[in-house]
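Trainee: Could you take me slowly through one part of this structure, the place where its helices pack against each other and against the ligand? I would like to follow it piece by piece.

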Amino acid sequence: MSRARLGVLVSGSGSNLQALLDACASDGFPAEVACVVSNVPTAYALERARAAGVPAVVVDHKALASKADFERALLGVLREARVEWVCLAGFMRLLSADFLGQFPGRVLNIHPSLLPAFPGLHAQRQALERGVKVTGCTVHFVDAGTDTGPIIGQAAVPVLPDDDEKSLSARILAEEHRLYPLAVRLAVTGQVSLDGARTRVAAQATTGELALRSPGAPK
Ligand code: GRF
């Protein structure tokens with residue numbers, strides 16, 4: 001069976017990109033990374049892509065006159081690489097409804113909180129400031145809002161008394177790296193899909209090793 005072609009959009013370190021690259025390199029994974037695009041020329045994620053032999057392209061929003069120009073250039077790169085699914089992985093630009101309409105139900109994002117709590121920037125800092133005892137990460141379908149799209153999966157972690165932003169971010173990131181490949185697998189195989197403003201989950205995605213659950217569901 002042919003593998004789904006992912007375009008991964010990044011702006012920074014790219015540890016989630018790495019998790020996707022590693023998953024795609026594993027036996028039987030139903031997707032491959034067809035290209036990586038960064039809006040930041042110095043992003044370390046670009047090195048990770050090159051090291052994995054994946055085309056790494058910079059589309060620098062600062063070098064383009066408007067958001068429309070940026071998105072046109074981005075779309076050109078993704079089309080050229082025959083990308084079918086778009087995965088945002090630490091990508092720090094908001095995409096317009098027009099752009100998202102080019103990949104209907106096929107744009108995913110990962111965010112370091114249990115949405116709808118703490119959308120936007122500095123989610124871990126927001127969690128610490130509010131004193132929550134549990135936080136985590138969320139993979140969701142992307143809509144034109146900020147971290148508002150229908151949720152595919154979440155993983156929870158404790159917030160410990162001595163945590164600072166760095167320690168909490170690291171604990172969440174470890175879960176992100178587990179959750180994103182799992183969510184991508186479920187999405188590209190159609191076990192989760194966008195149904196209007198909701199996520200539809202096929203029965204086979206609710207049990208067994210692919211089940212999206214954290215903490216674990218009762219056996
Ligand atoms: C992650 O915490 C992700 O959830 C958020 O930005 C961070 C990106 O980290 N959207 P990395 O670039 O994948 O290491």
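Mentor: Before we begin, one term is needed: the axis of a helix is a line fitted to its C-alpha atoms over the stretch in contact, and the angle between two axes runs from 0 to 180 degrees between their N-to-C directions. Please also keep in mind that this is a predicted model.

With that in hand, look at helix 1 and helix 6, the latter covering residues 165-188, whose axes come within 9 Å and cross at roughly 45°. An angle of that value makes helix 1 oblique to helix 6, and the crossing of the two is right-handed. On the side of helix 1 the contact is formed by Ser15, Asn16, Ala19, Leu20 and Ala23, and these meet Leu173, Glu176, His177, Tyr180, Pro181 and Val184 of helix 6. Sorted by class, this contact of helix 1 with helix 6 holds seven nonpolar, three polar and one charged residues.

Helix 1, which spans residues 15-24, also packs with helix 2, residues 44-51, and here the angle is about 15° while the axes are 9 Å apart. Angles under 35 degrees count as roughly parallel, and helix 1 and helix 2 are therefore roughly parallel to each other. Helix 1 passes helix 2 in a right-handed crossing. The residues that touch are Ser15, Leu17, Gln18 and Leu21 from helix 1, together with Ala45, Arg48 and Ala49 from helix 2. Of the residues in this contact, four are nonpolar, two are polar and one is charged.

Now turn to the ligand, which is surrounded by Ser13, Gly14, Ser15, Asn16, Gly90, Ile110, His111, Pro112 and Glu176. You have already met some of these names, since Ser15, Asn16 and Glu176 are also among the residues in the contact of helix 1 with helix 6. Several atom pairs can be followed here: a polar side-chain atom of Ser13 lies 3.1 Å from an oxygen atom of the ligand, a polar backbone atom of Gly14 is 2.7 Å from a ligand oxygen, and a polar backbone atom of Asn16 is 2.8 Å from an oxygen atom of the ligand.

Helix 6 has a further partner in helix 5, residues 123-130, and these two pack at an angle of about 115° with their axes 9 Å apart. Helix 5 passes helix 6 in a right-handed crossing. In this contact Gln124, Arg125, Ala127 and Leu128 of helix 5 meet Glu165, Leu168, Ser169 and Ile172 of helix 6, and the residues divide into four nonpolar, two polar and two charged.

Finally, look at the loop between strand 5, residues 107-111, and helix 5, which is where Pro116 is placed. The peptide bond that leads from Leu115 to Pro116 is cis, with omega near 15°. Strand 5 and the ligand can be linked in your picture as well, as Ile110 and His111 belong to the residues that surround the ligand.

How values were computed:
Residues numbered from 1 in each chain as written. Predicted model: local features only at pLDDT ≥ 70, side-chain atom pairs only at ≥ 80, totals over all residues. Heavy atoms only, no water. Helix = DSSP H or I, 4+ residues; strand = E, 2+ residues; numbered from the N terminus. Parallel < 35°, antiparallel > 145°, perpendicular 65-115°, else oblique. Left-handed = near helix turned anticlockwise from the far one by under 90°. Contact = heavy atoms within 4.5 Å. Nonpolar A, V, L, I, M, F, W, Y, C, P; charged D, E, K, R; others polar. Near = heavy atom within 4 Å. Polar contact = N/O pair within 3.5 Å; in protein donor to acceptor, adjacent residues only side chain to side chain.
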